[in-house]
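Reader: I'm new to this structure and would love a close look at one part of it. Could you take me through it slowly and explain the terms as you go?

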Amino acid sequence: MQVFRGFRHPGVAPACALTIGNFDGVHRGHQAMLGLLNTEARLRGLPSCVLTFEPHPRDYFAALTKRPELAPARIGTLRDKLTELAAGGVAQTIVLPFDARLASQTPDEFIQHVLIEGLGARYVLVGDDFRFGAKRAGDYAMLDRAGDEHGFDVARMNSYEVHGLRVSSSAVREALAEGRMSDVHALLGRPYAISGHVVHGRKLGRALGASSPGQNDGFRTLNLRFKHWKPAASGIFAVLVHGLTEAPLHGVANLGVRPSLDANDVNAGRVLLETHCLDWPAHLGAEGAYGKIVRVELLHKLHDELRYTSLEALTAGIAKDGRDARAFFASTHAETHRQTTRDRI
């Protein structure tokens with residue numbers, strides 16, 4: 001999949017089958033849209049294209065009005081969004097900066113400058129609640145009339161449901177906020193995951209729980225930055241880590257800002273996913289994970305983020321979380337074994 005920041009690039013296809021949206025989480029409803037988009041693109045001999053926005057329009061207006069509560073909690077990073085769009089078979093994605101210029105465009109200007117002149121849209125697929133243009137004045141009926149006038153087809157996809165539940169980014173955010181990870185899995189069609197480069201942190205964990213002073217063989221952590229200040233999930237989770245070894249590694253992770261014990265923390269104030277692998281691969285040594293891209297699947301929430309008042313309390317807390325994560329994986333393995341045995345009978 002080709003990715004472009006804006007549409008004024010020579011590599012952007014001159015014509016396309018297009019869908020428009022924020023695609024936060026790329027949940028099963030989004031996936032169904034991508035499937036339909038790809039089918040219609042093939043029928044027309046066109047590349048499929050997603051038009052998405054960064055920042056999220058509601059982030060922009062929250063900052064503009066200085067009302068952070070208006071910003072939606074973010075399900076996934078831009079990296080993870082693009083990864084899932086590529087997995088959906090999209091030929092190209094346009095990431096359009098949402099700024100004052102775009103926010104002030106009338107619906108007619110958006111159609112003319114972005115859809116027609118910018119992207120050469122020949123087919124446009126939108127959701128049933130799609131609105132566009134300044135003050136969200138544009139709707140499906142307006143887009144459909146423009147299609148008749150300018151010669152592009154317009155289609156609308158109705159809500160997608162799983163077991164009677166409407167699949168939406170809002171539903172995913174709610175499930176993540178409440179720690180209902182099995183429901184999140186059902187809504188996404190996959191485990192919830194965060195990926196990124198492993199970055200340097202305080203290196204405090206390796207000293208905590210060390211076998212002896214100076215050994216630095218304690219709770220090594222993999223630090224991934226979540227590049228949005230308001231993640232939809234937070235707390236302590238049992239996780240699987242992909243990307244360091246052939247088989248995924250069991251771990252326990254903290255997603256949040258982490259109430260800091262160190263005013264000089266290099267990541268202070270940033271949202272981090274800090275993951276401790278329960279069994280650290282010896283071949284990586286102390287430094288071997290830095291710079292690698294890993295994917296961390298958050299499988300089960302253990303509890304909300306806690307504030308520790310001392311290093312001793314923090315050490316005890318991490319140790320307990322590790323034991324609880326091991327217990328979760330042991331019970332999951334036992335249940336899988338029982339299910340396999342039943343299937344064979």
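Author: Happy to! One sorting rule first: Ala, Val, Leu, Ile, Met, Phe, Trp, Tyr, Cys and Pro count as nonpolar, Asp, Glu, Lys and Arg as charged, and the others, Gly among them, as polar. This is a predicted model, where local features need pLDDT of at least 70 and side-chain atom pairs 80 or more, while totals for chains, interfaces and linings use all residues. Residues are numbered from 1 along each chain as its sequence is written, and side-chain values use heavy atoms, without hydrogens or water.

Let's start with the largest pocket (an open set of 1 Å grid points with protein on both sides within 12 Å along at least five of seven lines; lining residues have an atom within 4 Å of a point). The volume of the largest pocket (the space filled by probe spheres set on the points) is about 1,100 Å³. Its lining has 39 residues, and G21, N22, D129, F130 and R136 lie nearest the centre. By type, the lining holds 16 nonpolar, 14 polar and nine charged residues. Among the helices (DSSP runs of H or I, at least four residues; strands are runs of E, at least two), α1 (28–44), α2 (57–64), α4 (100–103) and α7 (169–177) each give the lining at least two residues.

N22 also helps line the second largest cavity, along with D24, F53, E54, H56, R74 and K81. A cavity is a set of points where a 1.4 Å probe fits but cannot get out, and this one has a volume of about 40 Å³. Four of its lining residues are charged, two polar and one nonpolar.

Next comes strand β5, where six of seven residues are buried (under 20% relative accessible area with a 1.4 Å probe, protein chains only; exposed is over 50%). Strands pair if DSSP finds at least two bridges between them: β5 runs parallel to β2 (residues 16–20), with four bridges, including A17 to Y123. β5 also pairs with β6 in the parallel sense over five bridges, and V124 stands opposite V154 there.

β5 (121–127), with α5 (107–118) and β6 (153–157), is among the elements covering the buried residues of α6. Those residues of α6 (140–150) are Y140, L143, A146 and G147. They lie on the same side of α6 because they cover an arc of only 120° around the axis, taken from the directions from the helix axis to the C-beta atoms. On the other side, R145, D148 and E149 are exposed. After α6 comes G151, with a positive phi near 85°.

Terms used
Contact means heavy atoms within 4.5 Å.
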